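Subject: Structure handover and findings

Hello,

Here is the structure for your own work. Please look it over first; my notes come after it.

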Amino acid sequence: MKSHAQVVVIGGGVVGASVLFHLARAGWTDVMLLERDELTSGSTWHAAGGMHTINGDPNVAKLQKYTIELYKEIEELSGQATGVHLTGGVLLAATNARMDWLCNVVAKGRYLGIELEEISAQEAGELMPLLDPKEFVGAVRNKEDGHLDPSGVTHAYAKAARKLGAEVHRFTKVEDIARREDGMWRVITNKGEVVAEHVVNAGGLWAREVGRMVGLELPVLAMEHMYLITEDMPEVAAWNAKTGTEIIHAVDFDGELYLRQERGGMLMGTYEKAGKPWSEHQTPWNFGHELLDPDIDRIAPSLEVGFRHFPAFQRTGIKQIINGPFTFAPDGNPLVGPVRGLPGFWVACGVMAGFSQGGGVGLALSNWMIHGDPGADIWAMDVARYGDWASMAYTNAKVRENYSRRFSIRFPNEEYPAGRPLRTTPIYDLLSAKGAQWGVAYGLEVPLWYAPEGVKDEFSWRRSSDFEHVAKEVASTRERVGLSEISSFAKYRVAGAGAAEWLDRMLACKLPAEGRMTIAPMLKDDGKLIGDFTLANLGGGEWFIAGSGLAEQHHMRWFEKHLPADGSVRVEALGLSRLGLSIAGPSARDVLAKVTRVDVSTKAFPFMAVARMDIGMAPCIVGRVSYTGDLGYEIWMAPEYQRHVYETLMAAGEEFGIGLFGGRALNALRLEKGYGSWAREYRPIYGPLEAGLDRFVAYSKPADFIGKAGALDERANGGRLRLRTFIVEATDADVIGDEPIWHGGTVQGWVTSGGYAHHSGKSVALGYVPKEIADESDGFEIEFLGRRHAARVQPAPLFDANLERLRA
């Protein structure tokens with residue numbers, strides 16, 4: 001084994017082998033994989049081997065489609081059979097609510113290039129003869145489902161990588177990892193030491209242990225997972241003989257089951273409600289090609305449903321029950337990417353669906369390492385979506401919940417309860433007493449809406465129990481004044497002698513003068529969006545930035561990567577050391593004027609002004625800006641003052657009819673202005689012109705800001721897409737995001753977000769369409785819940801199109 005390498009990949013499962021292959025295919029051949037045992041030891045060898053393209057996040061679905069299409073290439077390059085069987089499959093619905101969900105999946109597939117077809121339960125029974133059509137209300141046919149040989153695929157990746165120049169070292173256990181003063185990594189093994197520029201933790205079941213070697217506690221946990229294999233079934237033999245084909249896959253969501261043919265019998269797996277974690281605190285290093293004891297009683301409720309839905313199972317014996325551990329992140333998606341604060345250390349773990357996602361993970365990570373960008377929008381997999389609050393106990397609670405609900409419907413207004421409340425602000429109890437219904441953002445409890453006593457969310461694809469109450473919150477804000485809790489935004493402090501020069505390079509906007517704020521897009525090297533902020537110049541060389549709370553680690557990783565080495569710039573993520581409240585509406589200024597001695601008149605404190613001022617007795621930073629698109633103010637304070645500021649504002653606002661509003665009302669308010677949000681309208685696949693943020697890009701400023709060349713090129717060629725606001729002819733339901741936009745009889749774009757704009761009385765969708773049709777007002781349709789709804793472009797904001805209220 002050589003003593004130096006450009007990259008060391010730790011872990012010889014399907015994910016580590018995929019990363020190695022993709023690096024070598026891209027030209028990085030000074031790479032090696034270290035595996036403590038044989039390849040596939042851990043979770044890979046006992047996987048059921050299913051593969052599918054469907055995922056809740058469309059960008060992850062694209063990578064799953066890539067993974068399946070890749071298997072032919074690695075088989076040909078390696079000479080190793082992968083055992084791929086593209087049988088196709090059926091996704092089954094036993095309830096109308098599930099069928100609604102499947103209709104949305106079909107619609108999503110239209111712009112992802114995934115061929116899906118709604119079929120009846122009877123048609124599903126004709127395709128998959130073991131099911132009882134009377135147990136289902138409908139189904140979806142997917143022609144790209146299948147199964148494979150887990151060992152064959154892993155060895156195909158590894159052999160292909162070796163042919164391209166990479167090295168694979170089995171029985172080489174990594175015992176420690178240490179960073180040298182020059183930034184290189186020492187990877188210490190039982191066979192010697194390797195010095196590497198990059199280290200990839202693809203440790204699978206041992207990802208936590210590998211992470212701990214560098215002081216990192218990753219939010220992953222292994223769960224026991226069982227599937228059974230039946231004796232040979234005459235029904236299977238009869239179908240094979242009759243059609244010359246295998247029995248296709250089936251996913252019975254309501255039964256929490258997946259099925260496929262296994263030789264002359266069937267394989268049936270379950271995500272049972274009573275899931276059981278495995279090795280909760282530390283994975284034993286001597287675990288390898290072992291299985292866990294089966295526990296038929298734990299999965300018996302699911303099997304009872306399965307035997308009813310698939311009656312042929314009642315007439316056959318069980319040959320084997322496989323029980324093995326698989327790792328999960330709290331939300332079930334992988335953890336991929338560079339780790340903040342550890343340059344050159346990367347993770348590719350928590351990849352539960354390794355044979356659906358492994359190729360995409362390898363591609364994204366190799367692109368990221370080589371080109372500085374994953375080459376796709378992989379926010380749903382980015383390790384930066386979790387912070388230090390994702391502790392071992394939190395992870396345990398959320399993984400258990402996610403496992404038990406893996407096949408359950410998650411309605412658009414449904415919030416999962418496990419691991420909550422964890423992070424709260426000082427007014428949590430006060431808002432709860434007012435009827436706050438809570439959601440969570442980056443681990444923090446956030447009020448979604450305020451319910452009268454006895455009213456709670458009724459989960460549905462359609463307008464629900466919150467609808468009329470959110471409408472009242474919107475009305476009180478638009479007509480009088482509303483107050484909302486905004487602590488979930490990420491907050492940053494930037495200071496130092498070089499702060500202004502650094503910000504001028506990092507952000508594409510013109511820097512505001514002292515006492516002023518601006519909208520500040522941040523671009524990647526290719527000119528695409530990597531962030532959108534409000535930037536405030538507080539004077540004295542201090543700057544305040546607010547942005548998406550979900551992306552705090554993501555953006556700090558980017559900021560720190562670009563900090564000058566001379567220490568002239570300091571960036572601090574303020575987190576919950578800075579909390580916020582916002583007031584908005586026509587009486588917002590009247591309320592503010594009652595609680596501060598500062599002149600907040602339009603002339604003295606105009607739109608986008610910012611200043612330090614006392615609110616009551618509490619020192620605060622106040623900005624004249626509001627995401628509602630109305631006259632409004634954002635007020636930031638230390639946590640010890642939030643309760644006082646809240647009570648002061650509510651008391652002052654009583655004579656003006658002040659009311660509370662939550663996140664759902666805020667969504668309705670911002671839609672009327674066509675305001676986008678990070679991770680929906682603003683993502684790293686869109687340029688500022690496409691996203692409508694080009695008016696905030698200072699193309700001609702002297703500073704050579706990051707992404708300037710790409711932004712100028714986009715402005716010159718016009719980009720491909722345009723973000724538009726649509727009014728949708730909807731009745732009892734509204735878009736939520738990821739629905740296809742039709743025009744001229746074909747799918748031309750996709751919805752990024754939407755909802756009901758209560759003040760305007762309109763159903764609204766934001767979405768991207770090609771620039772060639774973006775200015776056509778009519779002829780659009782948006783598909784959701786199984787049918788296409790007429791839609792038209794709304795060229796001007798529904799509310800305050802002339803900015804009279806905003807700038808009043």
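The notes below cover conventions, sheets, helix α14 and the second largest pocket, cavities, and two backbone details.

This is a predicted model, so local features are given only at pLDDT of at least 70 and side-chain atom pairs only at pLDDT 80 or more, whereas totals for chains, interfaces and linings use all residues. Residues are numbered from 1 along each chain as its sequence is written, and side-chain values use heavy atoms, with hydrogens and water left out.

Sheets

Helices (H or I, at least four residues) and strands (E, at least two) are DSSP runs numbered from the N terminus, and two strands pair if DSSP finds at least two bridges between them. Six strands form a closed barrel in the order β33-β36-β35-β34-β37-β38, paired antiparallel. On average, neighbouring strands of this sheet are turned by 45 degrees against each other, direction ignored. Axes here are lines fitted to C-alpha atoms, for helices over the stretch in contact, and angles run from 0 to 180 degrees between N-to-C directions. Within the barrel, β33 (721-728) and β36 (762-770) run antiparallel and are joined by eight bridges; Leu723 has Tyr768 in β36 as its bridge partner. Helix α17 (663-671) lies across β35 (746-757) and β36, at about 125 degrees to β35; contact means heavy atoms within 4.5 Å.

There is also an open sheet of five strands, ordered β24-β25-β26-β23-β27 with antiparallel pairing. Its edges are β24 (517-523) and β27 (570-573); each has a single partner strand, so one side of each is left without a neighbour in the sheet. The average turn between neighbouring strands of this sheet is 25 degrees, direction ignored. Five bridges pair β23 (490-495) with β26 (542-547) in the antiparallel sense, and the partner of Ala490 in β26 is Gly547.

Helix α14 and the second largest pocket

Helix α14 (552-561) lies across β23, β24, β25 (529-539) and β27, at about 75 degrees to β25. Glu560 and Arg340 meet in a salt bridge at 2.9 Å, N to O (a side-chain nitrogen of Lys or Arg within 4 Å of a carboxyl oxygen of Asp or Glu). This pair links distant parts of the chain: Glu560 is in α14, and Arg340, 220 residues apart from it, is in the loop between β18 (335-338) and β19 (345-349). The whole structure has 50 salt bridges.

The second largest pocket has a volume of about 790 Å³. On a 1 Å grid over the protein atoms alone, a pocket is an open set of points with protein on both sides within 12 Å along at least five of seven lines, a cavity is a set where a 1.4 Å probe fits but cannot get out, and lining residues have an atom within 4 Å of a point. Grid points are joined across faces, edges and corners, and a volume is the space filled by probe spheres set on the points. Of the 39 lining residues, Pro338, Trp368, Gly372, Arg557 and Lys561 are closest to the pocket centre. Helix α14 gives the most to this lining, with five residues.

Cavities

Six cavities of 30 Å³ or more are present, and the largest has a volume of about 80 Å³. Its lining has 13 residues, with Arg423, Tyr442, Ser487, Ser488 and Glu552 nearest the centre.

Backbone details

The peptide bond between Arg420 and Pro421 is cis, with omega about -10 degrees. Thr40 is not a glycine, yet has a positive phi of about 80 degrees.

Regards
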